[in-house]
Amino acid sequence: MKVLIVEDEKELVENIRAYFSRGNIVCEAARDFAEAQDKLLSFDYDVVLLDIMLPDGNGLNLLRLLKQIRPETGVLIISAKNALDDKVEGLELGADDYLTKPFHLPELNARLNAIYRRRKFKGHTVLEFGDIRVNTDTLDVFVQDTPISLTVKEYELLLFFITNKNRALTKQIIAEHLWGDDADFMDSFDFVYQHIKNLRKKITAAGGADYIKTIYGLGYKFSED
Amino acid sequence: MNLITKTTLFYLLVALLVFGIGGVVAYMLVENEVRKETDFALYDNLSQLTKDVADSIPLDILRRGKVDIAELGPATRDTFFVFSDTLAPHPHLQGVMEPYRKLTAVRQVGDQYYRFSITDVIIETDDIYEVVVEIMLRLFLILGVAMLFFSFLVTRLLFRPFQKTLEQIRAFRLKESGALQLPETTTREFRQLNTFLTQMAAKARRDYLAVKEFSENASHEIQTPLAVAQGKLELLLESPGLSGEQLGQVQAIQQSLSKLSRLGKALQLLAKIDNQEFAVQAPIDFSRITEASLSNFAELAALKNLRLSSRIEPNVRLSVDPVLADMLISNLLKNAIRHNEEGGWIEVELNREHFRVRNPGKTPQAPVEQLFERFKKSHASDGSLGLGLAIVKKIADVSQFTVDYEFAEGIHQLTVRFS
């Protein structure tokens, strides 16, 4: 997957680059409006990460340009403004998703992959991990060809794990992925634990291996070994 | 009562006063004039009689009903004349006395002295009074009708630009960019008013945008470094060989950053509400928003083993911003889940009068009246920001709702009343 990061904060770009370097994502970065415009006109990207507050222009204008020349490119807006107007306008202009700063890198990864799947395969994707198969089109989940039934949150959790496989995920990150702004509960970690417990039970009951590894004092990691 | 009606009534009141005083003055003037004219006629009559006597017309002929002449003889005496008021019987009506003006004079004609006494009917003061009152009443009536017509005309013509200005101000919205279109007028006061209003509107809009931009920029400047720090921590988690203790510390930093970020967002939200960036709009279906929010929180309540029951009256429509409405409900539900007890319950009630959330829980440690203040928490140790109820209060304030909190027999009850 080829991604263009349009963001003026150097360190943030470095974070994203470093995080994605372990996956199959190729990142390029543009630091300002002019550079981003050049790159968008010259190259083809699968997804553009777009900060709409740029030092020399409004990122929404880049979005307009992109939708004119390459409407098939996915766009994920990252903004610190949390302004509803911008969000609505961005989505109306054809952005696929909107993420407010600060975001977790696994969350960014999950959203990016979701856009990529939708754009590239029109949603007809089957994600595989070990003996688990997830059809993101029909939302069906199979363990060794046995269908298992998951609740919405369990499904979201499994998808989040698969897109962030082999990465350490804290309970905080998982809680915010599942409940967004409502995750600010003292006991949201207990809630995460309960969902994990149920998901684990359902997978192993269908004969699957226990992929959810507990990292003591931190959280979880989804891996085969 | 509008300005013109008030002015008209005021003018009429003043007119009433003026006509009252005018009536008294008119009465006095008329009475004085009548007396003078009567006296003049009597004196004229006296001169004529004196001449007649000098022309040797016999006194018997000159003596009539109102004239009496007496011969006083040649002995020298003072000549004089004096007017006086007297009463005499009415010539036709029996037993009715009438006021008369009487001229008594002593005159020398030749070498004889005569005493003349002439009386004449004077116009009664009652009659003068009646006439004056009649005139005043009619004038007042004409004036009243004229004033009504005048006020109608003024409202229709003169005040048209003012009413247009009022309409424009009523339609003015800070959030929209359209300029204030005030009507052209030749009236100086209205022109001044319009200039002033145009300036005020422009200033209000500038201030609004400045505050909006500031809070957005501040948010950007705070959240971006937080995003950088959070990313660094996540990368750190990926690095091999961290001990359990180190991982725990990283997670603690992560939680603090997350709290800081939420704090920034909550304060920005309060600033936005203060800046009236959420305008009250057309009525929305509050029942639907409540139902949606309830289904969102049903899972969280279930995870905490809480029984969630609700009585939602359908189709409760309220004029409130939908984003704020959702925030109000979810803040209260979040609160009810957080400050609950093991195996407890939550009761949500919505009807046309109020939205109410009830749940059992510990006695709040802070005084009840402080709960809606920023950063006041009922239990110091919990992980919340202490802004939830402050936001609820603020949303209620801008939406013209009232919130009250009661705690009795181990049950928290929060009520948002729609007035």
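This passage describes the chain contact, helix packing, nonpolar cores and backbone exceptions of a predicted two-chain model.

Chain B contains nine helices and eleven strands. It comprises 419 residues, and 21% of them count as buried. Contacts in chain B with a separation of 6 or more were divided by distance along the sequence. Residues 24 or more positions apart account for 65% of these contacts.

Chains A and B meet in a contact that draws 37 residues from chain B and 33 residues from chain A. On the chain B side, four elements give two or more residues each: helix H5 (188-238), helix H6 (244-274), helix H7 (286-303) and helix H8 (322-338) of chain B. H5(B) gives the most, with 15 residues. The class composition of the chain B side is nine nonpolar, 17 polar and eleven charged residues.

Helix packing was examined in both chains. In chain B, H8(B) pairs with helix H9 (residues 388-398). Their axes come within 9 Å and cross at roughly 145°. The crossing of H8(B) and H9(B) is left-handed. From H8(B), the contact uses B:Leu324, B:Met327, B:Leu328, B:Asn331, B:Leu332, B:Lys334 and B:Asn335. From H9(B), it uses B:Gly388, B:Leu389, B:Ile391, B:Val392 and B:Ile395. By class, the contact of H8(B) with H9(B) has eight nonpolar, three polar and one charged residues.

In chain A, helix H5 (residues 105-121) meets helix H7 (residues 171-179). The two axes come within 9 Å and cross at roughly 40°. H5(A) is therefore oblique to H7(A). The crossing of H5(A) and H7(A) is right-handed. H5(A) contributes A:Pro106, A:Glu107 and A:Ala110 to the contact, and H7(A) contributes A:Ile173, A:Glu176 and A:His177. These residues divide into three nonpolar, one polar and two charged.

Nonpolar cores were then identified. In soluble globular proteins, nonpolar side chains tend to be buried together. The largest nonpolar core in this model has 65 residues. The residues with the most contacts inside it come from both chains: A:Leu158 and A:Ile174, together with B:Leu328, B:Leu332, B:Ile337, B:Ile346 and B:Val392. H8(B) supplies the largest share of this core, with nine residues. B:Leu328, B:Leu332 and B:Val392 also take part in the contact of H8(B) with H9(B). On the chain A side, A:Leu158 touches A:Val134, A:Val141, A:Leu150 and A:Leu199, not counting residues up to four places away in sequence. A second, separate core has 36 residues, including A:Ala29, A:Leu40, A:Val48 and A:Leu50.

One position in a strand of chain B was followed individually. B:Ile411 lies in strand E11 (residues 411-418) of chain B. It counts as partly exposed because it has 14 C-beta neighbours inside 10 Å. Beyond its neighbours within four places in sequence, B:Ile411 is in contact with B:Arg358 and B:Pro360. The C-alpha atoms of B:Ile411 and B:Gly361 are separated by 6.1 Å, although these residues are 50 residues apart along the chain.

Backbone geometry was inspected for exceptions. Most residues other than glycine have a negative phi, and most peptide bonds are trans. Three sites depart from this pattern. The peptide bond from A:Lys101 to A:Pro102 is cis, with omega near -5°. A:Pro102 sits in the loop between strand E7 (97-100) and H5 of chain A. The helix that follows this loop, H5(A), is the partner of H7(A) described above.

A:Gln144 is not a glycine, yet its phi is positive, at about 50°. It is found in the loop between strand E10 (140-143) and strand E11 (146-148) of chain A. A:Gln144 has 14 C-beta neighbours inside 10 Å and so counts as partly exposed.

B:Ser56 likewise has a positive phi, near 65°. Its place is in the loop between helix H1 (3-54) and helix H2 (59-62) of chain B. B:Ser56 is exposed, because 9 other C-beta atoms lie within 10 Å, and the exposed class covers counts of 12 or fewer.

How values were computed: Residues are numbered from 1 along each chain as its sequence is written. Chains are lettered from A and ligands numbered from 1 in the order in which they are written. This is a predicted model: local features need pLDDT of at least 70, side-chain atom pairs count only at pLDDT 80 or more; totals for chains, interfaces and linings use all residues. Two residues are in contact if their C-beta atoms, placed from the backbone, lie within 7 Å. Ala, Val, Leu, Ile, Met, Phe, Trp, Tyr, Cys and Pro count as nonpolar, Asp, Glu, Lys and Arg as charged, and the others, Gly among them, as polar. A residue is buried if 20 or more other C-beta atoms lie within 10 Å of its own, exposed if 12 or fewer, and partly exposed in between; C-beta atoms are placed from the backbone. Axes are lines fitted to C-alpha atoms, for helices over the stretch in contact, and angles run from 0 to 180 degrees between N-to-C directions. A crossing is left-handed if the near helix is turned anticlockwise from the far one by less than a right angle, and right-handed if clockwise. Angles under 35 degrees count as roughly parallel, over 145 as roughly antiparallel, 65 to 115 as roughly perpendicular and the rest as oblique. A nonpolar core is a set of buried Ala, Val, Leu, Ile, Met, Phe, Trp, Tyr and Cys residues joined through C-beta atoms within 7 Å.
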